[in-house]
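Biologist: Could you walk me through this fold and say what each label rests on? I'd like the reasoning behind the words, too.

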Amino acid sequence: MENYFAVCPRGVEPVLEQELQRLGVSQTKSLFSGVAFEGAGADLYRANMSLRTATRILKPLAGFIARDYDALYRGVRKIDIFKLVRVDQTFRVDVNLVQSALTHSQYAAQKVKDAIVDQFRRKTKGEARPSVDLKNPQIVFNVFVNGPRVTFALDASGESLHRRHYRQGTGQAPLKEALAAAIVLLSGWDRKSPVYDPLCGSGTLLIEALLIARHTPPNLDRHFACQNWQDFDSTRFNTIQAELRGQQLPSSTRGFGVEVDSHVARLARKNVAAAGLSELVE
């Protein structure tokens with residue numbers, strides 16, 4: 001069993017914990033902006049595909065104290081990075097600072113990157129090292145600094161889980177998919193009664209509700225960062241993907257949206273069509 005941490009919007013933690021428990025994960029603990037849980041690789045794969053209210057899943061690997069940038073560098077140098085990224089892979093470092101003496105996240109990320117690269121330079125005598133890719137990296141390292149305490153983790157999701165890829169466009173201040181799903185799950189809706197959104201914007205709330213009614217996993221057909229890990233089990237992953245695909249249900253639940261801005265209403269129709277729900281939403 002491994003330790004994981006599912007990140008979510010603040011206030012959504014109880015909903016996310018219930019989601020994890022419905023997936024069969026028994027060891028959960030609601031924390032600030034997320035839920036810690038224990039599970040096997042199969043639980044991680046299922047969570048990545050299925051969770052509606054999470055934005056990403058992290059696998060914490062090490063913790064240490066760093067009160068300055070040099071201590072951050074030294075702490076990362078002690079981690080066996082060769083088990084996490086190959087020389088032929090690309091990587092990115094994401095850093096989050098909370099009440100820390102470290103005040104510049106980009107500089108902190110640079111120090112972490114240097115600590116990773118220097119391990120390879122020392123082992124290969126400067127001949128080979130993984131490359132940094134800020135847009136589409138194969139491996140994503142997440143460094144969370146809360147005061148002097150540093151948590152070094154692997155990002156198992158990569159691209160944020162809230163991006164469902166049905167959005168063809170949005171209006172101003174769009175409702176994020178994970179938060180929309182949380183609102184639906186908190187509402188006590190029976191998943192059969194029609195859904196009416198009198199301020200539907202680009203249609204996110206309607207789409208998330210009808211995907212819930214259909215038991216459609218929100219991220220069933222996308223790539224995750226954990227698929228690039230050295231211990232990734234493709235056979236197990238494909239089995240879980242097929243299992244979840246088979247659990248989807250036909251649904252005649254209808255959705256109705258109202259939007260005063262004609263441009264945004266057109267975007268809502270495009271988003272609904274991209275989600276495969278045009279026949280169910282007016």
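**Labels and what backs them**

Modeller: Sure, starting with a turn: E2 and E3 form a hairpin with two residues between them, and Ser33 in that turn has a positive phi of about 60°. Bear in mind that this is a predicted model.

Biologist: How do you know that E2 and E3 pair?

Modeller: Two strands count as paired if there are at least two bridges between them. Strand E2 (residues 28-31) is joined to E3 by four bridges, so the pair qualifies, and the two run antiparallel. As one example, Ser30 stands opposite Val35 in E3.

Biologist: And what makes E1 a partner of E3?

Modeller: The same test, with six bridges between strand E1 (residues 2-7) and strand E3 (residues 34-39), so they pair, here in the antiparallel sense. Glu2 has Gly39 as its bridge partner in E3.

Biologist: How many bridges join E5 to E6?

Modeller: Two bridges, and the requirement is at least two, so E5 and E6 count as paired; they run parallel. Thr90 stands opposite Ser131 in E6. E5 is also joined to E7, by eight bridges and again in parallel. There, Asn96 has Phe144 of E7 as its bridge partner.

Biologist: Why is the pairing of the eight-strand sheet called mixed?

Modeller: Strands of a sheet can pair either parallel or antiparallel. In this sheet, E1 and E3 run antiparallel, while E5 and E7 run parallel. The sheet is open, with the order E2-E3-E1-E4-E8-E7-E5-E6 and mixed pairing.

Biologist: What makes E2 and E6 the edge strands?

Modeller: Each of them, E2 and strand E6 (131-132), pairs on one side only.

Biologist: Now the helices. At what angle do H1 and H5 cross?

Modeller: The axes of helix H1 (residues 13-22) and helix H5 (residues 177-186) cross at roughly 80° and come within 10 Å. The window for roughly perpendicular is 65 to 115 degrees, which makes H1 roughly perpendicular to H5. Val15, Glu19 and Arg22 of H1 make the contact with Ala182, Leu185 and Leu186 of H5. By class, that contact has four nonpolar, no polar and two charged residues.

Biologist: Where does H1 lie relative to the strands?

Modeller: H1 lies across E1, E2 and E3, at about 165° to E2. Angles over 145 degrees count as roughly antiparallel, so H1 is roughly antiparallel to E2.

Biologist: On to the pockets. How do you find empty space at all?

Modeller: A probe the size of a water molecule is rolled over the atoms, and that shows where space is left. The largest pocket has a volume of about 740 Å³. Among its 25 lining residues, Phe5, Val7, Phe32, Leu58 and Phe144 are the closest to the centre.

Biologist: Which element gives the largest share of that lining?

Modeller: E1, with four residues. By class, the lining of the largest pocket has 14 nonpolar, eight polar and three charged residues.

Biologist: What lines the second largest pocket?

Modeller: That pocket holds about 390 Å³ of space. It has 16 lining residues, and Arg22, Leu23, Ser50, Arg52 and His215 are the closest to its centre. H1, helix H2 (41-50) and helix H7 (234-246) each supply at least two residues of that lining. The lining divides into six nonpolar, four polar and six charged residues.

Key:
Residues are numbered from 1 along each chain as its sequence is written. This is a predicted model: local features need pLDDT of at least 70, side-chain atom pairs count only at pLDDT 80 or more; totals for chains, interfaces and linings use all residues. Side-chain values use heavy atoms; hydrogens and water are left out. Axes are lines fitted to C-alpha atoms, for helices over the stretch in contact, and angles run from 0 to 180 degrees between N-to-C directions. Angles under 35 degrees count as roughly parallel, over 145 as roughly antiparallel, 65 to 115 as roughly perpendicular and the rest as oblique. Contact means heavy atoms within 4.5 Å. Ala, Val, Leu, Ile, Met, Phe, Trp, Tyr, Cys and Pro count as nonpolar, Asp, Glu, Lys and Arg as charged, and the others, Gly among them, as polar. On a 1 Å grid over the protein atoms alone, a cavity is a set of points where a 1.4 Å probe fits but cannot get out, and a pocket is an open set with protein on both sides within 12 Å along at least five of seven lines; lining residues have an atom within 4 Å of a point. Grid points are joined across faces, edges and corners, and a volume is the space filled by probe spheres set on the points.
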